[in-house]
Every structure is written in C-alpha cells, then in structure tokens.
Amino acid sequence: MKKVLIIGAGLAGCYLAARLQNDCEVTIITKGERAESDSMLAQGGIAAALDPGDSPRQHAQDTLAAGQYHNSIAAVEQLVTAGPELLAQLIRQGMQFDHDEQGQLDFGLEGAHSYHRILHADGDQTGAALTSFVQQQLNNVTWLTQTNVLQLVVEHHRCRGVLVRKTGQATTTIINGDAVILATGGLGNLYPYTTNDDTVTGDGFALAMRAKVALADMAYVQFHPTLLMIDHQCYGLITEAIRGAGARLVDENNQRIMATVPHHDLAPRDVVARQLTKWQAAGHQLFLDISDVPNFEQHFIGVTANLDHHHIPFRETNRIPVQPGAHFMMGGLRADLNGQTSLPGLFAIGEVACNGVHGANRLASNSLLDCLVSAAKAGETITQTTPLTATNLTTTDALTSEQSRPMAVNLPSLAELQQQAWANIGIVRQPAKLQAFINWLAQYHLAELVPAQLTDAQLTIVNLGLCAELIAKAALAEPQNLGANYLVKES
Ligand SMILES: Cc1cc2nc3c(=O)[nH]c(=O)nc-3n(C[C@H](O)[C@H](O)[C@H](O)COP(=O)(O)OP(=O)(O)OC[C@H]3O[C@@H](n4cnc5c(N)ncnc54)[C@H](O)[C@@H]3O)c2cc1C
C-alpha cells in the first residue's frame, strides 16, 4: 500500500485523508491538535452554484472579476464545476448546512458575489461544522499531533518524506512516504493583525523555499477589512456575511466609508481594505454599523459570543469597532490542477498551494471550496499515478533519530518582524520601503539557518521572515498594481 504523509489538519488535509484512507496508508502530521487550523475558524461559508437560479458560469465570472483576471481559467472552471458535486456528496453523507424557513438550503451573500450562493452551517460556524464532519469520517488514519514538520526530505530529485520534531522536544525524526502533501495553510501570523490560527505560520512556503520548490504569486496577500479591534489589538474576524446581510462601514461620525466606491460595502476585499486604510490615515476610527441587519444575534452566533466575551456594547450602539488584518494567501507552491508541485512526490493543496484559482484577490468563501476540490483532485492522482518509493528507501519509519542542538542566533522578535511586515508589505506598499525591508531582513541570513538547530519559537520567526522576504521580492517584481498587490510612489 502507498504511504501518504499529509501535513496539516485543516479541511484540505482532512478531506484528502478521508478520500485516501481506504486505498493508502495515511498519516496526518499536524503541529497542534486536530482542531487547530484556519479551517476550524471559517465563519462566512462555502460558495457553490447549487441554487437552480445560479450557474457555475456565473460563479466563475465573479471569481475571475474578484481575482482581477489574474486567475488560471482552467483552475476556476475546475473549482466551480467540481465543487458543487463534492458538496452535494457531503450533504448526502449527512453534512448539515443551514436551511431557510421553507426547508430550502439558505444561501448567503458576500462581497463581489453576484448571487446568493454561500452555504453556511450553524450560522457563522461553517468551518468548524464542515471540518469536524470530515474529521469524524477519519477512521483509518494515523494521527501525529503536536508534531512540527521542519524540513522536506529530498533524494534524487524526489520528495521522500519529512523531518519532524514533537513540540517542545529536541529529537528529530525522518518519516518517509510515497507521497507528501503540504496542506499547511497560509501565513497570517506574519502580521500583527490577523484572523489566522496561532499554528498557521507560513511553514509550508518556507519548507518549499528551502527545498527549491517553485512558488508563485507571493505578492498577493489578502487583508480582510473587518477584524474585531479593541485597544489596538485584534480579536478575531467579523465575517463579511454581516455586510452581505446589510451592515455598513462607518466612521466615528457615522459617515459611510464605502459610499463613493463602486459596489459600496460589498466591493472586493482589496478595495475595501484600501479604502479603510485611507480613512484611518486621515485620523478616523472604523466601525461596522449593524442597525440594518435583521436577527443579528440569531444569524451570527459565533460573532455575538465573541463580542460578548470582549464586552462590546453592540446592542446599545449597533456598532462594532473594526480594523483590516491579514487573512488569506493567494500565492503559494505552484501546483497544477492535481496539486502536483515542481518537486516529484510533493503535492500542495488548500491555501498553501497556488493553482491559480484565486488570481490576485480571492473571492469570499471560495477557499473552503478550493480545499475540497484541490484535495479531491490530488487524491485521484496519488492513487492512480504516484509510484511506490518509500518501501525502497527503508522498511521502518524512522531513518534517523537525532538530538537537535539549539544554537544562539541573531533574530528579530516576532513582534518586531510583524510590525515591520505591517509597515512594509501591508495593504499599501512603496517600492523604496520594500527594498529597505529586504535589506533589513538580509542582516539575519534566514535562509542559512538550519531548522533542526532552532527552537520552535525561533523557527516560527525564521519561517515567517522567509515568507516576508518572498512577499517583498515578489511585490517589487510585479509589473503593475493588481488586486492585493498595491504599490504607490513615495509621498
Ligand atoms: C477566521 C477565518 C475565517 C475564514 N472564513 C472563511 C469562509 O467563511 N469561507 C472560506 O471559504 N474561507 C474562509 N477562510 C479561509 C479558509 O478558512 C482557509 O483558507 C482554509 O480553511 C485553509 O484550509 P487549509 O486546510 O489549506 O489550511 P488550514 O485550515 O489553515 O490548516 C493548516 C494546518 O496545517 C498545520 N501546520 C502548519 N504548519 C505545520 C507544520 N510545520 N507542521 C505540521 N503541521 C503544520 C496547522 O496546524 C493546521 O492544522 C477563513 C479564514 C479565517 C482565518
């Protein structure tokens, strides 16, 4: 049986595991616990043309327009046509999405969608409902939790396995496999304001960079317009579905911030995030006015709980204090429609992959769908075409088992790196600042540091620093402003 190593316990990794568990020997390796992933945090929902009045063609058009036509048309076609069938399958298996009073699937609306096509579950807890549903189907996989993948093992130009280390421990072990699948998510924690889970720290991009695997579109980081903001700290996402249900962005004087912008509060995320940044730079505060949202507390149970937890008096004021923050990575390991990367034996699925589906700006609620589609396609390829190689390499899992030796290294603190990233590779960028940032990073010689010789905390800083370098260089190299990569000349 083929040995398959899946790195990451989010929707992409778990859905692939569910599809392969009866045909392959599947191990899921994940840094935290099973519930730690961005997938578990997804609020708004999952987009699919399942309503009879909607069509994959219309969904594709919206995806391309939001992505500024930088998307791969073939990847978009695959998403909008394969996605609805996979979702219908999950529904047949028992996945419960929310229904309206007539008993029909209740489709929500989000920014840049021309049709109500967002399925949601438990109100605003879609990601947790869907990912848990998929995880419950896993009955024939080996779980390695609290296990950090430090490096890809490459032999004869083929990925043969991964080097891992248990959280907080010093011993490293090599685990070999016939196929290695990166499903490690994005890099939101590079920035001080983010929606991302603490374990999502750009590791997949850094693993790829060290192994010289091709990356693409690294300039395109999506900043979500509305994170809950209290005393300059962010406390989770305020889903865009609330704007879809009628909320408006306003300042402290109740002036509508998006009034003059095409599509107003439901413009694509890059447009809204830039408008908010402009408003903030002019000294204004940012709020989401929920006066016109019917049954807010019933529909947005998770957001309500978060607001109550932080004592936000939204029932009296009808306002939620917000701030844009890092949310999603459009770029990643260059992958074909089957998730195959430039390195044989290595696949990339979900957010860490760049198959071109999102273009320069992801359409809201398309990424959970991409997790399903990219995992399903990779699964077919792995069962059909991946050769058996692991057994040739060794008959046991552990090839080597070494004590790593932590060393003293000169690194910025995580907070310092995050502040630098926010200032230089954030929502609005400047060429001179990008260059200065690249120079600042160069003093740390990040690419020369050996993962096994770093502590977990050091490795996080190094991996995020490598991601920062990739983003800054890619941003400078892009020939024009497009979607989420927006450069202005120095003022
Ligand atoms: C708050 C929030 C709300 C969102 N809402 C929506 C939404 O409504 N609709 C939508 O479509 N998208 C939404 N998104 C985006 C979407 O959730 C993600 O893009 C998607 O879930 C990514 O899934 P994934 O499986 O690729 O990665 P993730 O779900 O992020 O999982 C990555 C996994 O890899 C593990 N990992 C990382 N590095 C290592 C390592 N070195 N070794 C071992 N394991 C590692 C992590 O611990 C984690 O388990 C939202 C994102 C956030 C953060």
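A disulfide here is a pair of cysteine sulfur atoms within 2.5 Å. The model is predicted, so local features need pLDDT of at least 70 and side-chain atom pairs count only at pLDDT 80 or more, while totals for chains, interfaces and linings use all residues. Residues are numbered from 1 along each chain as its sequence is written, and side-chain values use heavy atoms, with hydrogens and water left out.

**Exercise 1. Find how many disulfides the whole structure holds, and check cysteine 159 and cysteine 234.**

Step 1. A disulfide is a covalent bond between the sulfur atoms of two cysteines. The search of the whole structure returns 0 disulfides.

Step 2. Take cysteine 159: the closest cysteine sulfur belongs to cysteine 24 and is 16 Å away, too far for a bond. Cysteine 159 is also buried, at 0% relative accessibility. (Buried means under 20% relative accessible area, exposed over 50%, and partly exposed in between, with a 1.4 Å probe and protein chains only.)

Step 3. Now cysteine 234: its closest cysteine sulfur, in cysteine 467, is 20 Å away, again too far for a bond. Cysteine 234 has a relative accessible area of 15%, so it is buried.

**Exercise 2. Work out which side of helix 13 is buried and what it packs against.**

Step 1. Locate helix 13 at residues 414–424. Helices (H or I, at least four residues) and strands (E, at least two) are DSSP runs, numbered from the N terminus.

Step 2. List the buried residues of helix 13: Leu417, Gln418, Ala421 and Asn424. They cover an arc of only 150° around the axis, which puts them on the same side of helix 13; the arc is that of the directions from the helix axis to the C-beta atoms.

Step 3. Recall the geometry: an α-helix has 3.6 residues a turn, so residues three or four places apart point the same way.

Step 4. Look for partners. The buried residues of helix 13 pack against helix 14 (431–442) and helix 15 (456–477), where contact means heavy atoms within 4.5 Å.

**Exercise 3. Describe the surroundings of the ligand.**

Step 1. Collect the residues around the ligand, those with a heavy atom within 4 Å of it. There are 40, and Ser39, Gly44, Gly45, Asp203 and Glu351 come nearest.

Step 2. Pick out polar contacts, which are pairs of N or O atoms within 3.5 Å. Serine 39 places a polar side-chain atom 2.5 Å from a ligand oxygen atom. Glycine 45 uses a backbone N or O atom, 2.7 Å from a nitrogen atom of the ligand. For arginine 362, a side-chain N or O atom is 3.3 Å from a ligand nitrogen atom.

Step 3. Estimate the cover: on its own the ligand has 1000 Å² of accessible area, and the protein covers 98% of that. These areas come from the Shrake-Rupley method with a 1.4 Å probe.

Step 4. Name the elements that give two or more residues to the shell: helix 1 (11–20), strand 6 (147–155), strand 15 (319–329) and helix 11 (367–385).

**Exercise 4. Place lysine 212 and asparagine 318, and decide whether each is buried, partly exposed or exposed.**

Step 1. Lysine 212 sits in the loop between helix 5 (203–210) and strand 10 (215–216). Although not a glycine, lysine 212 has a positive phi of about 60°. With a relative accessible area of 73%, lysine 212 is exposed.

Step 2. Asparagine 318 belongs to the loop between helix 10 (314–317) and strand 15. Asparagine 318, not a glycine, has a positive phi of about 60°. Its relative accessible area of 29% makes asparagine 318 partly exposed.

Definitions and conventions. A polar contact is a pair of N or O atoms within 3.5 Å; within protein, one must be able to donate a hydrogen and the other to accept it, and residues adjacent in sequence count only if both atoms are side-chain atoms.
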